[in-house]
Amino acid sequence: MASVKEKSKSSPAAAKTTHPKERYLYWYESMVLQRKFEEKAGQLYGQQKIRGFCHLYIGQEACSSGSYSALTKDDKWITAYRDHGIPLALGSDPKAIMAELFGKQTGSSKGKGGSMHIFDKSVNFVGGHGIVGGQIPVGAGLAFAEKYNKTTNLCITFMGDGAVRQGSFHETLNMAMTWKLPVIFVVENNGYAMGTSVSRTSNVTDLYTLGEAYDMPSEPVDAMDVEAVHEAVSRAAERARKGDGPTFLEFRTYRYRGHSMSDPQKYRTKDELEQYKQRDPIENVRATILEKKIATEDELAAIDQKIRGIVEESVKFAEESPYPSPDEAFKDVYMQKDYPFITE
């Protein structure tokens, strides 16, 4: 695991860009929603109201919020199984996301996907995917469709740091660069693939340099800084929309909780965790908002209170929603009714 000092070396942009106040307020509200939602999900998991696998996004909120503000509503999004934060940043209904965690009929995937397989077509979120690296070629396929249909849209494809050791990652980067697909590949490098540090499993620890093997524009990004994320994704989106092809971004971030709720976290020290918390993306934006007099302490407190109400409402909705009926298992399944090779 790289030190905090080493991992903070990122993005080539030397000077800070000036952002409008509405963007700062979006970042703050979006990241607080993700944080409070995930903290509540962790509590509910402990109460066994949420079951199965559960991977929390706490600490990584700048990755989703900073990317969203740099893209358009028509762009496509796909990620791995740490997938609660992105749809919340995109504007999915928190009630539907919480209901999905509960496995309820009113969930975004009708209770069939649970924590790892959240989808929301209404915000162009093409899902969380449970197979490590499985979403990477799908993301390139989504970008291929946009190019084929001659749109100016792109697909942003997220993955964890463990996924860059998959063969599909390298095959996809090669093909995407060859065909100049409008895709932004993002590795959310939180330092650990489950409980194993990057340095123990990869000779290359500056993961962004992997893209350079395919002549792909690549750069590291301090993803504890939502402004840096926005600016890096903006540059990548501009290239994609001009027809210059993909970009590979290494978001250097950190998760405050374990890989999943069953992770005892014995592979890292409390000091390391506390060092990263000193660079918390929400607190950084909060400080900027107060410094620039975009909002007052009372106004931010009102936002916090509103978010707490939204999260509590989502829990109430999920608890009161019904479970899917048994016949729901046979719906939404792709099947050719006249398939000739089935015998009774």
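Tutor: One term before we start: a residue is called buried when its relative accessible area is under 20%. Also, this is a predicted model.

Student: Got it. Let's take helix H3, then: how many of its residues are buried?

Tutor: Seven of the eight, so by that under 20% rule H3, residues 61–68, is mostly covered. The buried ones are Glu-61, Ala-62, Cys-63, Ser-64, Ser-65, Gly-66 and Ser-67.

Student: Okay, switching to rings. How many aromatic pairs turn up in the whole structure?

Tutor: The search finds nine. One of them is Phe-144 with Trp-179, a tilted pair with 5.6 Å centre to centre and 50 degrees between the planes. Phe-144 is in helix H6 (135–148), while Trp-179 is in the loop between helix H7 (167–178) and strand E4 (183–189), so this pair links distant parts of the chain, 35 residues apart.

Student: And why does Phe-144 count as partly exposed?

Tutor: Because its relative accessible area is 38%, and partly exposed covers the range between under 20% and over 50%. Trp-179 gets the partly exposed label too, at 42%.

Student: What about Tyr-254 and Tyr-276, what kind of pair do they form?

Tutor: A stacked one: the centres are 4.0 Å apart and the angle between the planes is 0 degrees. Tyr-254 lies in the loop between strand E8 (247–252) and helix H10 (270–277), and Tyr-276 lies in H10, so the pair ties together parts 22 residues apart in sequence.

Student: Are those two tyrosines buried or exposed?

Tutor: Tyr-254 and Tyr-276 are both buried.

Student: Which residues form an aromatic cluster?

Tutor: Trp-77, Phe-158 and Phe-251 form one.

Student: Now cations. Which ring does the charged end of Lys-104 sit over?

Tutor: The ring of Tyr-323, at 4.8 Å from its centre. There's also Lys-277, which lies over the face of Tyr-256 at 5.6 Å from the ring centre.

Student: Phe-251 came up in that cluster, and it belongs to E8. How many residues of E8 are buried?

Tutor: Six of the six, so E8 is largely enclosed by the rest of the structure. Both faces are covered: Thr-247, Leu-249 and Phe-251 are on one side, with Phe-248, Glu-250 and Arg-252 on the other.

Student: Why do they split into two sets like that?

Tutor: Because side chains in a regular strand alternate between the two faces of the sheet.

Student: Which strands does E8 pair with?

Tutor: E4 pairs with E8 in the parallel sense over six bridges, and there Val-187 stands opposite Glu-250. E7, residues 218–222, also runs parallel to E8, joined by five bridges. On that side Asp-222 stands opposite Arg-252.

Student: What do E7, H9 and E8 make together?

Tutor: A right-handed β-α-β unit, with H9 spanning residues 226–242.

Student: Last one: where is Ala-163?

Tutor: In the loop between strand E3 (155–160) and H7. Its relative accessible area is 4%, so Ala-163 is buried.

Student: What does Ala-163 touch, leaving out residues up to four places away in sequence?

Tutor: Val-132, Gly-133, Ile-136 and Phe-169.

Student: And how many Å apart are Ala-163 and Ala-287 in space?

Tutor: 34 Å, C-alpha to C-alpha, with their positions 124 residues apart in sequence.

Methods:
Residues are numbered from 1 along each chain as its sequence is written. This is a predicted model: local features need pLDDT of at least 70, side-chain atom pairs count only at pLDDT 80 or more; totals for chains, interfaces and linings use all residues. Side-chain values use heavy atoms; hydrogens and water are left out. Buried means under 20% relative accessible area, exposed over 50%, partly exposed in between (1.4 Å probe, protein chains only). Helices (H or I, at least four residues) and strands (E, at least two) are DSSP runs, numbered from the N terminus. Rings of Phe, Tyr and Trp (its six-membered ring) pair if their centres lie within 6.5 Å; planes under 30 degrees apart count as stacked, over 60 as edge-to-face and the rest as tilted. A charge sits over a ring if NZ of Lys or CZ of Arg is within 6 Å of the ring centre and within 35 degrees of the ring normal. Contact means heavy atoms within 4.5 Å. Two strands pair if DSSP finds at least two bridges between them. A crossover is right-handed if, with the strands pointing away from the viewer, the path from the first strand over the helix to the second runs clockwise.
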